[in-house]
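Keep the structure open while reading. The text goes from the overall layout to the helices, then to the core and a pocket.

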Amino acid sequence: MCGAPQVDTFCPNGCENTEPILLTLDEYEVIRLVDLEQQTHEQCAAQMDISRSTVQEIYESARRKIAACLVHGKPLHITGGNYRICGGQEAPLRPLLPDAESQHRKIQQKMRRRLHYENCSYL
């Protein structure tokens with residue numbers, strides 16, 4: 001990722017007191033590369049130095065979040081996540097919203113549990 005988004009919060013009219021949906025910077029970057037720059041998942045993976053399957057997972061998560069914002073009229077806030085700045089430097093971004101860090105942690109825990117259950121085989 002070579003730069004932070006120019007705008008990090010989107011809010012429909014009348015949503016000031018609504019809990020925002022959080023889009024991480026890696027989700028933002030995948031959406032930017034695939035949808036805006038029209039890169040393939042393979043090209044995006046090469047640019048971000050991650051696997052194609054990881055790009056696909058990030059992309060699907062980001063699209064679900066954006067769809068929820070549009071359909072339910074919720075605000076969207078781009079923050080957090082782990083990313084690498086151009087040149088290879090790792091930089092976790094601290095969320096800007098006071099409650100965003102705990103929300104992001106809860107989402108990560110849910111995703112880990114979901115992956116755990118998907119990877120378990122029951123006999």
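Helices and strands here are DSSP runs: H or I over at least four residues for a helix, E over at least two for a strand, numbered from the N terminus. The model is a predicted one. On that basis, the chain holds 4 helices and 5 strands. Their order along the sequence is β-β-α-α-α-β-β-β-α. The chain has 123 residues, and 33% of them are buried. Contacts reach far along the sequence. Among those with a separation of 6 or more, 65% join residues 24 or more positions apart.

Start with helix α3. This helix runs over residues 52–72, 21 residues in total. Does its length fit a rise of 1.5 Å a residue, or what does that rise predict? At that rise the helix should span 30 Å, and its end C-alpha atoms are indeed 30 Å apart, so the two agree. Now look at burial along α3. Val 55, Ile 58, Tyr 59, Ser 61, Ala 62, Lys 65 and Cys 69 are its buried residues. They lie on the same side of α3, because the arc they cover around the axis is only 165°. The other side of α3 carries exposed residues: Arg 64, Val 71 and His 72. What covers the buried residues? The cover includes β2 (21–23), α1 (25–36), α2 (41–48) and β3 (76–78). Just past the end of α3 comes Gly 73, with a positive phi of about 65°.

Next, helix α2. Its buried residues are His 41, Cys 44, Ala 45 and Met 48. Their arc around the axis is only 100°, which places them on the same side of α2. After α2 comes Asp 49, which is not a glycine yet has a positive phi of about 60°. Asp 49 sits in the loop between α2 and α3. Is Asp 49 buried or exposed? Its relative accessible area is 58%, and the cut-off for exposed is over 50%, so Asp 49 is exposed.

Helix α1 has its own list of buried residues. These are Leu 25, Asp 26, Glu 27, Glu 29, Val 30, Ile 31, Leu 33 and Val 34. Acidic side chains therefore need a look here as well as nonpolar ones, since Asp 26, Glu 27 and Glu 29 are on the list of buried residues. α1 is followed by Gln 38, with a positive phi near 55°. Gln 38 is not a glycine either. Gln 38 belongs to the loop between α1 and α2. With 66% relative accessibility, Gln 38 counts as exposed.

The helices meet strands in the core. The largest nonpolar core has 17 residues. Which members touch the most others? Val 30 and Cys 44 do. The elements that contribute two or more residues to this core are β2, α1, α2, α3 and β3. Take Cys 44 as a way in. Setting aside neighbours within four places in sequence, Cys 44 is in contact with Val 30, Leu 33, Val 34, Gln 39 and Val 55. Of these partners, Val 30, Leu 33 and Val 34 are among the buried residues of α1. Val 55 is one of the buried residues of α3.

Now move to strand β3, where Leu 76 is placed. Leu 76 has 10% relative accessibility, below the 20% cut-off, so it counts as buried. Which distant residue does its backbone approach? The C-alpha atoms of Leu 76 and Ile 21 are 4.9 Å apart, although the two residues are 55 residues apart along the chain. Beyond neighbours within four places in sequence, Leu 76 is in contact with Asp 8, Thr 9, Phe 10, Ile 21, Leu 23 and Cys 69. Cys 69 is one of the buried residues of α3.

Leu 76 also leads to a pocket. Along with Leu 23, Tyr 28, Ile 31, Arg 32, Leu 36, Ile 66 and Ile 78, it lines the second largest pocket. The volume of this pocket is about 150 Å³. Which element gives the largest share of the lining? α1 does, with 4 residues. Both α1 and β3 supply at least two residues of the lining.

Technical notes: Residues numbered from 1 in each chain as written. Predicted model: local features only at pLDDT ≥ 70, side-chain atom pairs only at ≥ 80, totals over all residues. Heavy atoms only, no water. Expected span 1.5 Å × (residues − 1). Buried < 20%, exposed > 50% of the residue type's maximum accessible area, 1.4 Å probe, protein only. Arc of directions from axis to C-beta. Contact = heavy atoms within 4.5 Å. Core = buried A, V, L, I, M, F, W, Y, C linked by side-chain atoms within 4.5 Å. 1 Å grid on protein atoms, 1.4 Å probe; cavity = no way out; pocket = protein on both sides within 12 Å on 5 of 7 lines; lining within 4 Å. Points joined across faces, edges and corners; volume = space filled by probe spheres on them.
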